[in-house]
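Visitor: Please take me through a single part of this model in detail. I would like to know how one helix sits against its surroundings and what follows it.

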Amino acid sequence: MNDSFFKKIESKTGVPMTEVFALANAIQHADFKDERQVRRIIQNVGMLANKNVPQHLEDELVKSLVSSGQPVNIADIQRMLGK
């Protein structure tokens, strides 16, 4: 991928690619059975998407993700947030 591609993504989303890569790395190496890690990921996705995640929704997402224990990606969490 070239630099101009990333710059286009940054300008369209307003999110620095370094933050996207950091989140992707955190998701890739996360233990989805660890509630704290899952909460941090949900909160980070909410911040990057500029979307407030109410506590009850965060609790539901955490419960769902921890109970499945299956890895997810950013798109999965964004879909759950209704973005």
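Guide: Here, buried means under 20% relative accessible area, and exposed means over 50%. The model is a predicted one. The part to look at is helix α3, residues 35–48. By the burial cut-off, Val38, Arg39, Ile41, Ile42, Val45 and Gly46 of α3 are buried. Seen down the axis of α3, these buried residues fall within an arc of 165 degrees, so they line one face of the helix. An α-helix has 3.6 residues a turn, so residues three or four places apart point the same way. On the face of α3 turned away from the buried side are the exposed residues Arg36 and Met47.

As to its length, α3 has 14 residues and reaches 20 Å from its first C-alpha to its last, close to the 20 Å expected at 1.5 Å a residue. The N-terminal end of α3 is capped by Asp34, which places a side-chain oxygen 3.0 Å from the backbone nitrogen of Arg36.

Beyond the other end comes Asn50, just after α3, in the loop between α3 and α4. Most residues other than glycine have a negative phi. Asn50 is not a glycine, yet its phi is positive, at about 55 degrees. Asn50 is also exposed, with a relative accessible area of 73%.

The loop leads to helix α4, residues 55–68, which packs with α3 at an angle of about 130 degrees, the axes being 10 Å apart. Angles of 65 to 115 degrees count as roughly perpendicular and those over 145 as roughly antiparallel; α3 and α4 are therefore oblique to each other. Their crossing is right-handed.

Note on methods:
Residues numbered from 1 in each chain as written. Predicted model: local features only at pLDDT ≥ 70, side-chain atom pairs only at ≥ 80, totals over all residues. Heavy atoms only, no water. Helix = DSSP H or I, 4+ residues; strand = E, 2+ residues; numbered from the N terminus. Expected span 1.5 Å × (residues − 1). Buried < 20%, exposed > 50% of the residue type's maximum accessible area, 1.4 Å probe, protein only. Arc of directions from axis to C-beta. Polar contact = N/O pair within 3.5 Å; in protein donor to acceptor, adjacent residues only side chain to side chain. Axes fitted to C-alpha atoms, helices over the stretch in contact; angles between N-to-C directions. Parallel < 35°, antiparallel > 145°, perpendicular 65-115°, else oblique. Left-handed = near helix turned anticlockwise from the far one by under 90°.
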